[in-house]
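I opened this model to look up its domains, one sheet, and a few points of backbone geometry. My notes follow in the order in which I looked.

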Protein chains: 2
Amino acid sequence: MEKVEPRTLAGTMELLPNEQILFNQIKEKIESTYKKFGFLPLDTPILELSEVLLAKAGGETEKQIYRFNKGDTDLSLRFDLTVPLSKYVAKNYGNLSFPFRRYQIGKVYRGERPQKGRYREFYQCDIDIIGDGELDVINDAELPSVIYTIFKELGFDDFTICINNRKILNGLFENIGQKENSVEILRIIDKIEKIGKEAVIEELEKINVSRESIDKIIEFIEISGTSKEKIEKLKELKINNETFEKGLEELKFVYENIKLFGVPEENYKIDLTIARGLDYYTGTVYETFLNNYREVGSVCSGGRYENLAEYYTNKKLPGVGVSIGLTRLFYKLNELGLIKATKKAISDIIIIPMLEDLSKPIKLATELRNLGINTEIYSNQKKLKAKMKYADKLQIPYVIVIGEDEINSNEIKLKNMETGDEETIELDVKKIADKISFN
Amino acid sequence: MEKVEPRTLAGTMELLPNEQILFNQIKEKIESTYKKFGFLPLDTPILELSEVLLAKAGGETEKQIYRFNKGDTDLSLRFDLTVPLSKYVAKNYGNLSFPFRRYQIGKVYRGERPQKGRYREFYQCDIDIIGDGELDVINDAELPSVIYTIFKELGFDDFTICINNRKILNGLFENIGQKENSVEILRIIDKIEKIGKEAVIEELEKINVSRESIDKIIEFIEISGTSKEKIEKLKELKINNETFEKGLEELKFVYENIKLFGVPEENYKIDLTIARGLDYYTGTVYETFLNNYREVGSVCSGGRYENLAEYYTNKKLPGVGVSIGLTRLFYKLNELGLIKATKKAISDIIIIPMLEDLSKPIKLATELRNLGINTEIYSNQKKLKAKMKYADKLQIPYVIVIGEDEINSNEIKLKNMETGDEETIELDVKKIADKISFN
């Protein structure tokens, strides 16, 4: 038979078991943290009606969408988790309790050109808090504590959650008469880390921003010092604009309240260069950086928006949320060797029978499972060496070999595969379980 | 602005939060059981190259596939988890340890006509054990214990795992000279539960099976009695055919060994009418029924196959596996009211501050989370009544209201939302945590 070469589509991730175990541990840590903060689970379809999914989309996004017909139905694969959330909240408005706090961890699809570290199918891990009509700014101060808890859980200490407020930027643009250009200007400013100040100035000139306005923008971006000093300097700019003043007030409030939620001061700061390219955000914005690995880019981003679901409903639904691009994050952290599995194997123990009658070894396995211990039994007919090699390759922490001698003496040797130590103990499920659990 | 009606594609499942919590609990119970038996996690892409995914497909399956072009690339959404497993094992053969035990829980896609309880996007939960060249029949005896553990975990007692062996059927067909028709005959026999004996006979006549052969087939299917009696009666048929004899030997072995793996005798039996329509299976086959809800159909099915990945590799890779169609199962069980959530809410407790200064309530929330308790804080400015209503609607088990009085007296009332009881305790994280954990 002619064989087809087994391969995956470029831009999709498919891992070997040991990497998958690690990936899942990270995913579970993110999920358990989201639950720890009381976010409700959501699982929307990946496949949606194009009319619904693309109610808002346009331009760059639309080009990247996997869109196709099946029969007469025009379908698309979701490209983020925010549009499905909008649809969901509009659809189920009457059945939800507000503020609606939901998390969703799932795959999204973008038909990007494949390149290293760029994915076409990837996991996003989102949380959002949606208000009915209004949503207090205190929620903006809570989200950094979720981000903080996750990255601490993942073993990081030296990371910074950067916050800013889009109203400050928008107010500034209004003040210098550049309101119409604001989306474009924000996109350009957002690149300052990547392309540098001179290139930003050049790009601003290209879209005909006056020299005077550019100076003001740059003066603003270059505000430096501690977060508290930045707040003072923003005040000193004395920009007479309502939006600016509201943004400054919100930023000050969020900054001062993050600490209440248990985030140490070294893990967050005001960064006035953070703008989040999207015109979607209207208030607080977040980006998170691993300080020793800035090249990874922001590992958790998001912000406040005025109106989640305006394409589906007249209800005003403001919200605030953050998202982790897990697939790319995993790829980067794994490449840098920054993550280690808490448990390298799924099985806690493997039982290797070396006799005809499997009844006692199997019984032991069943009893260990009933005590909550992940237990594998190698019941295939193989030589001991092959069986031990299997246990070793899978990095299963404990091995018990059971042969005629063990049955007769009612004693087994519990082998710790990491240290190589063997301990002789009674062939008794409780005693074996105790040994494994204590280690 | 013109609004788009927020809706989902027919045949996809999107749940309200309380249903989603229940769905996730079932999914987690299945996953933790798979892990308890040492199966390794796998997460293959949903989006695959059509050439790879459809190497084998044909006929009915192909028509149902979501297949489309993006640029020059011919893509398909996976329609099961077995083909992706074949591809994976062939692709990563050198990096896997055999027997390769993997579980995968993920969405698959079939462009079916939408009807009640039929899904186009649905979860499958699969386990398979893949051998390198060979795989002992003892593995076929282990899988029922996985099925048993899952349905016990889900709260069922009265269910039956039905087993049969395809070699018995194939040997019979060889013996009566109907080998060429065997796939077709199996498909017809498989429907006996649904359409009855007379209709099966009619359908067999339609494909020109002789009256004499039909009699033998029916005689065979009608073998009744206990599982042990069935084995005896099969022997007594004295069918002189190697395949038949091999099948009978395997069936006997599997039947006798299931007990060793801790499955009580009332939860499994030999059922010679189980054939699994697919020509894919070559040995043991399984179906599982909830005895009081036969109309739900098989809730967990699978079997033994000779060669997993022949379309991708020359390596012979026999395997055995079972699959749970979770989305449909959830729909049916939920409709019948057969499943209850172990925990109705995500949050274990909600803290409701009724004061300006949120520092103490937030600190308490953070400390409770650090002790592993899912804790929500209602930090929005609302009247107490609205806040209590929110807690009640979300069915959060415990509520603490913190106002000036509580701060001054350093005592809070812990309210059990189910019983309505209130208990006054010290405003101390350990004492509060103890109360919640003990209840």
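**Domains, a sheet and the backbone**

I began with the domain assignment of chain A, which gives domain 1 as 17–44 + 81–335 and domain 2 as 349–438. I note here that I am reading a predicted model. For the spacing of the two I took the C-alpha centres, and those of domain 1 of chain A and domain 2 of chain A lie 50 Å apart.

I then turned to chain B and asked in what order the strands of its open sheet run. I found eight strands in the order S1-S5-S6-S11-S10-S9-S7-S8, with mixed pairing. At the edges stand strand S1 (40–41) and strand S8 (268–270) of chain B, and because each has a single partner strand, one side of each is left without a neighbour in the sheet. I followed the S8 edge further: strand S7 (residues 159–165) of chain B pairs with S8(B) in the parallel sense, over three bridges. Within that pairing I looked up Ile161(B), whose bridge partner in S8(B) is Tyr268(B).

Next I went through the peptide bonds. In chain A, I noted a cis bond joining Phe98(A) and Pro99(A), with omega about -5 degrees, and I placed Pro99(A) in the loop between helix H4 (82–91) and strand S5 (100–109) of chain A. In chain B, the bond from Phe98(B) to Pro99(B) is cis, with omega near -5 degrees, and Pro99(B) is found in the loop between helix H4 (82–91) and strand S5 (100–109) of chain B.

My last entries concern positive phi values. Gln395(A), a residue other than glycine, has a positive phi near 55 degrees, and I located Gln395(A) in the loop between helix H15 (384–393) and strand S14 (398–402) of chain A. Is Gln395(A) exposed, buried or partly exposed? I counted 17 other C-beta atoms within 10 Å of Gln395(A), so this residue is partly exposed, as the buried class begins at 20 and the exposed class ends at 12.

Asn208(B) is not a glycine either, and I read a positive phi of about 65 degrees for Asn208(B). The place of Asn208(B) is in the loop between helix H9 (197–206) and helix H10 (211–221) of chain B. Is Asn208(B) buried or exposed? With 9 other C-beta atoms within 10 Å, Asn208(B) is exposed, since 12 or fewer is the cut-off for that class.

Methods
Residues numbered from 1 in each chain as written. Chains lettered and ligands numbered in written order. Predicted model: local features only at pLDDT ≥ 70, side-chain atom pairs only at ≥ 80, totals over all residues. Domains from an automatic or database assignment. Pairing = 2+ DSSP bridges. Helix = DSSP H or I, 4+ residues; strand = E, 2+ residues; numbered from the N terminus.
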